[in-house]
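Welcome! Have the sequence and the 3D view ready, and work through the exercises below one at a time.

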Amino acid sequence: MSKKGWSIIIVTVLLIGVILYSAMTGSLKVNLSQLVTGLWTGTDEQVNVVKDLRLPRIIVAVMAGAALAVAGVLLQAVMKNPLADAGVIGISSGAALISLIAVTIFPALYFWMPFFSFVGGALACLMVYGFSWKSGLHPIRLILIGVAVNAIFSGLGQSFNYRGSYAVTSINQVTTSTLSMKKWVDVEVIVTYGGMGLILAMLVFSWCNFLSLQDKTAKNLGFNVTRARLLISVVAVLLAATATAIAGVIAFIGLLVPHCARYLVGSDHKWLIPFSALGGGLLLLLADTLGRTMLAPNEIPASIIMAVIGGPFLIFLIRKADRTYGH
């Protein structure tokens, strides 16, 4: 079997293993046979608690990680830059800010948060493209503008947290990015919209491969570069906004996972997208499980663990990024 096939199998096995470990470990411990029997019969009270409190958290972590990783892959293909990530260029913070404002003003629209997040993410994406355009899109300019847009939206979002209102406190999960107290309704939302985004991402893998060519070359082959960039960006924003609406702002997954994925399965997006989805789910669930168990009963948010891991990795990537992505 090829290296790609083995990589897919290994990351799938690891993901299943971490899911089982996460379900069995915590303040309430159950063994594997007890977990399987309890889920099947529904008569074990301990397993019922795990089912209601821990399983939604696990599914949300896996789906959010997959969505953020694939969003990173798509944004890097569109921008031809390995440093592009929804958390770095402001899409996640834009999604968080607009959903926070909307739900603060109209608390009854809480369940419309994914829509408001999409609007905020799209606004941030448009700002990055708009301010970066100067006789074309330069990879470094895109990232620098993205960092600035991210700082603007993050600062505005944090200002909401100092007003002390109950409404803001109750929906502060968008900016604190804690995965605790997730419910099955959250699972339904992220599986529906996140699953839709992942399917769409797989459908546009060939477009992503075309975008790795020079624009002039792709156009000579009859490929509509502008339309492809726009549609792929929409899918990336859908994935990042859905993850942000349910799991909060979590940076660096879209940087770490695609970079490792390219090393293991290559740059063909037919393999890169599904592998990144599996790897992103594994990474975020692992971060959340570590944060939940390391200092139990206290918790460290997964976003903090990702920042500790992702910061040094970003420095490493920037030092290595001495050429344009796709060349």
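**Exercise 1: Two annotated spans**

Task: describe the chain over residues 86-105 by its helix and strand content and by the distance between its ends.

Solution. Keep in mind that this is a predicted model. Step one: residues 86-105 are 75% helix and 0% strand. Step two: the C-alpha atoms at the two ends of this span are 26 Å apart. Step three: now try residues 190-210, where the span is 95% helix and 0% strand, with end C-alpha atoms 29 Å apart. Step four: look at the record. UniProt, in an unreviewed entry, gives the feature "transmembrane region" to several stretches, including 86-105 and 190-210.

**Exercise 2: A pair of helices**

Task: find how α1 and α13 are oriented to each other, and which residues meet.

Solution. Begin by locating α1 at residues 3-24 and α13 at residues 253-265. Their axes are 8 Å apart, and the packing angle is about 135°. Angles over 145 degrees would count as roughly antiparallel, and 65 to 115 as roughly perpendicular; α1 and α13 are therefore oblique to each other. Next, look at the contact itself: Lys3, Lys4 and Ser7 of α1 meet Tyr263, Leu264 and Val265 of α13. Sorted by class, the residues of this contact are 3 nonpolar, 1 polar and 2 charged.

**Exercise 3: An enclosed space**

Task: work out what lines the largest cavity.

Solution. First, the count: there is 1 cavity of 30 Å³ or more. Its volume is about 100 Å³. Second, the lining has 10 residues, and Tyr110, Phe111, Asp186, Val189 and Ile246 lie nearest the centre. Third, the elements giving two or more residues to this lining are α5, α9 and α12; α9 gives the most, with 3 residues. Finally, by class the lining holds 8 nonpolar, 1 polar and 1 charged residues.

Note on methods. Residues are numbered from 1 along each chain as its sequence is written. This is a predicted model: local features need pLDDT of at least 70, side-chain atom pairs count only at pLDDT 80 or more; totals for chains, interfaces and linings use all residues. Side-chain values use heavy atoms; hydrogens and water are left out. Axes are lines fitted to C-alpha atoms, for helices over the stretch in contact, and angles run from 0 to 180 degrees between N-to-C directions. Helices (H or I, at least four residues) and strands (E, at least two) are DSSP runs, numbered from the N terminus. Angles under 35 degrees count as roughly parallel, over 145 as roughly antiparallel, 65 to 115 as roughly perpendicular and the rest as oblique. Contact means heavy atoms within 4.5 Å. Ala, Val, Leu, Ile, Met, Phe, Trp, Tyr, Cys and Pro count as nonpolar, Asp, Glu, Lys and Arg as charged, and the others, Gly among them, as polar. On a 1 Å grid over the protein atoms alone, a cavity is a set of points where a 1.4 Å probe fits but cannot get out, and a pocket is an open set with protein on both sides within 12 Å along at least five of seven lines; lining residues have an atom within 4 Å of a point. Grid points are joined across faces, edges and corners, and a volume is the space filled by probe spheres set on the points. UniProt positions are given in the numbering used here, feature names are shortened, and annotations may be inferred rather than shown by experiment.
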